[in-house]
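Here is a friendly walk through one model, from charged pairs to buried strands. Keep the 3D view open and follow along.

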Amino acid sequence: MIAVIGASGNVGRVVTRRLVGLGSRPRCLTRDPARSALGPDVEVVTGDLGGPTGLDGLLTGARAVFVVTAGPDAPDHDAAVARAVARHGVRQVVKVSSVAALPPVNDPYGAAHLAAEEAYRRTGAACTFLRPAAFMTNTLQWAWSISAENTVYQAFGELRQAVVDPADVAEVAVRALTGPGHEGRTYTLTGPEALTARERARRIAGALGRPLTFVDAPPAAARRAMTEAGLPAGYVDGLLASQGDPDPARGGTPLPTVAEVTGCPPRTFDAWVAAHVRQFT
Ligand SMILES: NC(=O)c1ccc[n+]([C@@H]2O[C@H](COP(=O)([O-])OP(=O)(O)OC[C@H]3O[C@@H](n4cnc5c(N)ncnc54)[C@H](OP(=O)(O)O)[C@@H]3O)[C@@H](O)[C@H]2O)c1
């Protein structure tokens with residue numbers, strides 16, 4: 001049995017759907033089964049990685065676990081999952097990490113993912129780490145200002161990122177969970193082209209059929225917006241340092257990894273926009 005942590009998220013929802021399609025019945029952790037709407041084909045375990053966790057219920061009898069942790073408490077959550085993996089003798093871990101974890105790590109966000117990778121390795125489980133570039137779905141953060149003001153506000157607007165569709169990250173995860181040869185591997189995952197945020201906004205404008213104004217927001221404004229939204233200052237600083245990292249090795253260069261692992265070329269940003277254009281109107 002395969003356990004899934006983060007089953008209602010961008011990557012985990014696709015992983016779960018694909019596992020069900022392959023005939024398995026994954027066991028999925030969620031804080032809120034009603035909101036997560038994972039459907040009847042999965043076993044649902046209610047739990048919160050930040051509280052009395054539900055991890056024992058999730059991992060009892062599990063052969064493998066797919067792990068997404070998210071947000072400022074992710075380091076504690078990964079530590080709790082790693083302890084539970086060791087306790088239950090789970091044989092395989094597939095974790096969504098980040099390109100920011102590529103050594104030498106130079107921001108706290110990448111350091112947290114790298115420390116988590118090391119914690120999972122120490123459990124003795126066969127590990128596969130997926131280090132994606134920025135997700136195409138991050139673009140949905142622009143939906144409100146595009147629909148309300150025809151404007152995109154974004155820091156580091158000229159930095160290139162080979163943004164990746166979370167569905168491709170999920171596809172690689174499913175290969176790792178269900179096929180041989182992925183144990184001990186760390187995969188850096190990108191989309192097929194390196195685009196600046198300004199170029200991505202232009203592509204969305206093309207799909208919408210109307211011009212958009214791009215405002216290259218100062219990082220200080222982005223920092224203010226995120227802290228006003230309730231995120232802890234230290235976490236925001238880590239995220240911004242990661243987003244502003246100019247090293248092309250950290251997601252700035254398209255790589256063949258998705259195609260090599262899945263046999264299919266990675267999905268394009270244009271295809272993603274076409275599938276999501278209504279969310280910008
Ligand atoms: N966004 C990017 O550009 C990017 C790039 C590279 C790597 N990453 C990494 O990708 C991961 C995020 O993946 P994603 O976008 O698929 O996630 P997501 O859509 O943000 O979903 C987060 C998932 O985590 C679960 N979750 C959150 N807090 C939880 C808690 N306290 N207890 C139990 N479950 C909890 C949520 O489940 P419920 O709400 O159902 O409980 C949800 O399924 C992060 O580790 C991030 O660092 C992201």
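## Salt bridges

The structure holds 16 salt bridges; bear in mind that this is a predicted model. A good one to start with is the pair R87 and D56, whose closest N and O atoms lie 2.9 Å apart. This pair links distant parts of the chain, with R87 in helix α4 (residues 74-88) and D56 in helix α3 (residues 55-59), 31 residues apart. R87 counts as exposed because its relative accessibility is 52%, over the 50% cut-off. D56, at a relative accessible area of 38%, is partly exposed.

Next, look at E199 and R160, which form a salt bridge with closest N and O atoms 2.9 Å apart. Here too distant parts of the chain are linked: E199 belongs to helix α8 (residues 197-208), while R160 sits in the loop between β7 (151-154) and α7 (166-178), 39 residues apart. E199 is partly exposed at 21% relative accessibility, and R160 is partly exposed at 42%.

## Another pair and a small network

D237 and R223 bring their side chains together in a salt bridge, at 2.6 Å from N to O. The two residues are 14 apart along the chain, D237 in helix α10 (residues 233-243) and R223 in helix α9 (residues 219-228), and the pair links distant parts of the chain. D237 is partly exposed, with 35% relative accessibility, and R223 is partly exposed as well, with a relative accessible area of 31%.

Salt bridges can also share partners: R18, E171 and R175 are joined into one network in this way.

## Two nonpolar cores

Now for the nonpolar side. In soluble globular proteins, nonpolar side chains tend to be buried together. In this model the largest nonpolar core has 29 residues, of which V11, V15, F66, L130, V169 and L177 touch the most other members. At least two residues of this core come from each of β1 (2-5), α1 (12-21), β4 (64-67), β5 (92-96), α7, β8 (186-189) and α11 (257-262). Which element gives the most to this core? That is α7, with 8 residues.

V15 is a handy residue to click on: leaving aside its neighbours within four places in sequence, V15 is in contact with F66, A170, A173, V174 and L177. There is also a second, separate core of 24 residues, and its members include L49, V65, V93 and C127.

## Helix α4

α4 has 15 residues, and from its first C-alpha to its last it reaches 21 Å, close to the 21 Å expected at 1.5 Å a residue. The helix is followed by G89, whose phi is positive, near 65°.

Which residues of α4 are buried? They are A74, H77, D78, A80, V81, A82, A84 and V85. The cover over the buried residues of α4 includes β1, α3, β4, β5 and α5.

## Strand β5 and its partners

β5 is mostly covered, with 5 of its 5 residues buried. Q92, V94 and V96 point one way from the strand, V93 and K95 point the other way, and all are buried.

On one pairing, β5 runs parallel to β4 over 4 bridges, and K95 in β5 is the bridge partner of V67. With α4 between them in the listing, β4, α4 and β5 make a right-handed β-α-β unit. On the other pairing, 5 bridges join β5 to β6, and these strands run parallel. V96 stands opposite L130 in β6. β5, α5 and β6 make a right-handed β-α-β unit too.

## A buried loop residue

To finish, find A125 in the loop between α5 (108-122) and β6 (126-132). Is A125 buried or exposed? A125 is buried, because its relative accessible area of 9% falls under the 20% cut-off.

What does A125 touch, not counting residues up to four places away in sequence? The contacts of A125 are V85, V90, R91, Q92, V93 and Y120. Among these, V85 is one of the buried residues of α4, and Q92 and V93 are buried residues of β5 that point opposite ways. As for distance, the C-alpha atoms of A125 and A3 are separated by 14 Å, while the two residues are 122 apart along the chain.

Key
Residues are numbered from 1 along each chain as its sequence is written. This is a predicted model: local features need pLDDT of at least 70, side-chain atom pairs count only at pLDDT 80 or more; totals for chains, interfaces and linings use all residues. Side-chain values use heavy atoms; hydrogens and water are left out. A salt bridge is a side-chain nitrogen of Lys or Arg within 4 Å of a carboxyl oxygen of Asp or Glu. Buried means under 20% relative accessible area, exposed over 50%, partly exposed in between (1.4 Å probe, protein chains only). A nonpolar core is a set of buried Ala, Val, Leu, Ile, Met, Phe, Trp, Tyr and Cys residues joined through side-chain atoms within 4.5 Å. Contact means heavy atoms within 4.5 Å. The expected span of a helix is 1.5 Å times one less than its number of residues. Two strands pair if DSSP finds at least two bridges between them. A crossover is right-handed if, with the strands pointing away from the viewer, the path from the first strand over the helix to the second runs clockwise.
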